[in-house]
Each structure stands twice: as C-alpha cells, then as structure tokens.
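Colleague: I would like to go through this model with you, one question at a time. Please show it first.

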Amino acid sequence: MLVDRRTPARLLAVLYAVSGALCLVTAIWPMHRDTPVPLLWALGVTGIAGGVAISMLRFRLRGWMVHAAVVLFGVLIALLAWKSATAVGIVGLGPAVIAVALYAAHFFGLPAARLHAALLVVVTTAGALAARPAGFAASWMTIVVSVVALTEAQGRLAQNLRTAASTDPLTGVANRRAWEAEAARHLSRAVRTGEPLSVALLDLDHFKEVNDRDGHGAGDALLRDLTAGWAARLRQADLLGRYGGDEFVLCLPATDEDGARQILQQLDTTHDFAWSVGVATARPGDTLSTVLARADGDLYLMKRGGRAA
C-alpha cells in the first residue's frame with residue numbers, strides 16, 4: 001500500500017459498515033419471497049462488526065490485513081450473488097463490486113489493483129453463475145467490463161497523483177515530505193532489527209552564484225545533472241530527496257558512518273561541482289528529527305571549516 005494506512009482503513013470500514021447496513025435493511029424488508037433473509041442478517045452483522053473492528057484497529061492495521069479485508073469483501077459479495085433469488089438481485093450487486101475495485105485502484109499500487117480486480121471478477125462471477133436465476137449475462141458482462149476499465153483508469157490516475165505528490169518536479173527525486181515518511185519507516189525498521197542506518201545532508205557550495213551568473217536555467221540544469229549522477233551510483237535501497245533549494249538529504253539503510261562516507265566519496269566523483277556534507281548514524285532511541293539534527297550539526301562544522309565533500 002502506498003498511502004498512510006489510516007485513510008484506507010477508515011474508508012474500508014465505511015464500505016463494510018454501509019454494506020452491512022444495506023444487508024440488514026433488505027433482511028427487514030425483503031423484496032422477494034425467496035430472498036435469503038438469514039444470510040442477509042449474517043452478512044449485515046458481519047459487515048457492521050467488520051467496519052467497527054477495522055475502524056478501531058486502523059492505527060495497527062498492516063498492509064496485508066487491508067488486502068485480506070478487500071479479498072474477503074469480494075468473497076462476501078460472491079456468496080450473496082450465489083444465494084440471490086432473482087437476476088435483478090445479482091445485477092444489483094454490481095455497484096458493490098465496482099466500489100471494491102475502485103477502492104483497490106485508489107489505495108493500492110497498479111499491479112496489486114489489477115490483481116484484486118481480476119480476483120474480484122473471478123470470484124463474484126463464479127458466485128453469480130452458481131446462482132439459480134438466469135438471464136443476467138449481458139448485464140453482468142457490463143459490470144465486468146466496467147470493473148476492468150475503471151480499475152485501470154483510476155489506478156493510473158492514482159499512480160500519477162502519488163508520483164506528483166511525492167516527487168520533486170525538477171530533479172525527479174523524492175520531495176521533502178515523501179523522503180521524511182520513507183526515511184522514518186527505514187529508521188523504525190533499523191531500530192527493530194538493530195541494523196545500522198545513516199543519514200546525510202548534502203549542501204551545494206556557492207550555488208547562488210551559479211544562478212546569479214548564469215541564470216536560473218543553468219542552476220536547474222546543474223541540479224538535474226547532480227541528482228542524476230548521484231542516483232546512478234546509489235543502491236536500490238538508498239533514498240535520495242530534495243530538502244530545500246540547494247540542499248539534499250540521503251537515507252542509507254544498513255550502513256554505518258564509515259560505509260556512508262565511502263558512498264559519499266563515490267557520489268563526489270560524479271560531478272566537479274563542490275558540495276558539503278554532514279553525516280549522522282542512528283543511535284538507540286533516535287527519531288528522524290534527532291538524526292537529522294546531528295547530520296545538520298556535522299554539516300555546519302564542515303561548512304565552518306571550509307571543507308567540501
């Protein structure tokens with residue numbers, strides 16, 4: 001999952017609770033004599049209880065739990081389709097199927113959303129085909145096509161929005177907000193496992209002179225060249241972000257201070273423009289703010305001493 005877990009948990013809780021409430025309403029006022037009232041009561045209680053549980057546990061939900069809850073939602077829809085008394089009742093489940101697909105497309109990465117949509121279509125179609133009523137094939141195919149098309153459209157849109165929200169538009173590296181969120185997760189993992197983690201602050205020397213002398217276009221080109229060269233030398237797990245106008249920040253998982261210095265020496269060979277750096281390695285009890293503060297202090301000492309990277 002690619003967003004804060006609380007937001008998808010809240011919306012999933014609403015989907016469960018609203019669906020459960022609709023099942024209870026239909027159980028109280030059935031529209032057909034063969035309506036599966038006991039099943040609707042069971043699904044109604046399950047939906048509301050599930051919504052309450054998801055809402056209460058939203059701060060502790062893991063990504064796999066949200067995925068499992070979405071899969072379960074599809075299974076419950078399939079069960080209701082299987083026991084539906086009329087073709088209209090089966091087709092009437094279409095909005096619920098589409099809602100689940102859109103949820104997956106919005107909150108999950110595109111490959112995961114496609115997988116959820118495919119599983120949802122297969123499971124619910126199996127439930128519909130196993131039902132007694134017939135004559136809904138054309139309408140159901142419309143639902144299936146809508147699920148596939150809307151999942152793809154919403155998934156691509158959400159992917160583009162996430163990229164725009166997390167990426168610096170000039171350099172293509174992570175922006176400050178996205179970097180801090182991901183670096184905090186790396187730090188939390190390092191604290192749990194005991195593995196080292198280092199953070200580096202990179203500050204370009206005399207960057208303002210480039211803008212004043214050659215114009216902002218030249219300054220922008222320099223930033224792109226520098227970050228492209230750095231990114232080519234970094235490992236897959238390393239996280240580079242733009243922290244300010246001419247300041248960048250680097251998170252180096254599984255790396256102690258000596259290892260961080262070696263990586264920074266490699267970065268220094270990618271371009272002849274001078275920059276200064278401050279490095280800090282996480283200690284027990286550290287937060288991201290405290291690690292960054294030490295790195296900033298180290299950077300200040302380097303600047304004060306007139307030493308570049």
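Colleague: How many residues apart are Arg-185 and Glu-182 in helix α8?
Modeller: This is a predicted model. The side chains of Arg-185 and Glu-182 form a salt bridge, with the closest N and O atoms 2.7 Å apart. Both residues sit in helix α8, where about one helical turn separates them, the spacing being three residues.

Colleague: Is Arg-185 buried, partly exposed or exposed?
Modeller: The buried class ends at 20% relative accessible area and the exposed class begins over 50%. Glu-182, its partner in the salt bridge, has 26% and falls in between. Arg-185 has 45%, so Arg-185 is partly exposed.

Colleague: Which residues does the network of shared salt bridges join?
Modeller: One of its pairs is Glu-152 with Arg-114, at 2.6 Å from N to O. The network is built from salt bridges that share partners, and the residues it joins are Arg-114, Glu-152 and Arg-156.

Colleague: How far apart in sequence are the parts that Glu-152 and Arg-114 tie together?
Modeller: Glu-152 is partly exposed at 23% relative accessible area, and Arg-114 is partly exposed at 36%. Glu-152 belongs to helix α7 (residues 137-166) and Arg-114 to helix α6 (residues 110-130), so the pair links parts whose separation in sequence is 38 residues.

Colleague: Which helix holds both Glu-180 and Arg-176?
Modeller: Their side chains meet in a salt bridge of 3.4 Å, N to O. Glu-180 is partly exposed at 27%, and Arg-176 is partly exposed at 42%. The two residues are four apart, about one turn, and both lie in helix α8.

Colleague: Is Leu-22 buried or exposed?
Modeller: Leu-22 is in helix α1 (residues 6-28). Together with Leu-11, Val-14 and Val-18, Leu-22 makes a nonpolar surface patch of about 340 Å². The exposed class needs over 50% relative accessible area. Leu-22 has 54%, so Leu-22 counts as exposed.

Colleague: What is the radius of gyration of the protein?
Modeller: The secondary structure consists of 12 helices and four strands. For 309 residues the globule rule gives 19 Å; the protein is well over this and so more spread out than a compact globule, with a radius of gyration of 26 Å.

Colleague: What share of the 309 residues counts as buried?
Modeller: The C-alpha trace spans about 85 × 40 × 25 Å along its principal axes. The protein exposes about 16100 Å², of which carbon and sulfur atoms supply 62%. With buried meaning under 20% relative accessible area, the share of buried residues is 42%.

Definitions and conventions: Residues are numbered from 1 along each chain as its sequence is written. This is a predicted model: local features need pLDDT of at least 70, side-chain atom pairs count only at pLDDT 80 or more; totals for chains, interfaces and linings use all residues. Side-chain values use heavy atoms; hydrogens and water are left out. Patches are made of residues with over 30% relative accessible area and no salt bridge: like charges are joined within 9 Å, nonpolar side chains (Val, Leu, Ile, Met, Phe, Trp, Tyr) within 5 Å. Accessible areas come from the Shrake-Rupley method with a 1.4 Å probe; for residues, only the protein chains shown count as cover. A salt bridge is a side-chain nitrogen of Lys or Arg within 4 Å of a carboxyl oxygen of Asp or Glu. Buried means under 20% relative accessible area, exposed over 50%, partly exposed in between (1.4 Å probe, protein chains only). The radius of gyration is taken over C-alpha atoms; the globule rule is 2.2 Å times the number of residues to the power 0.38.
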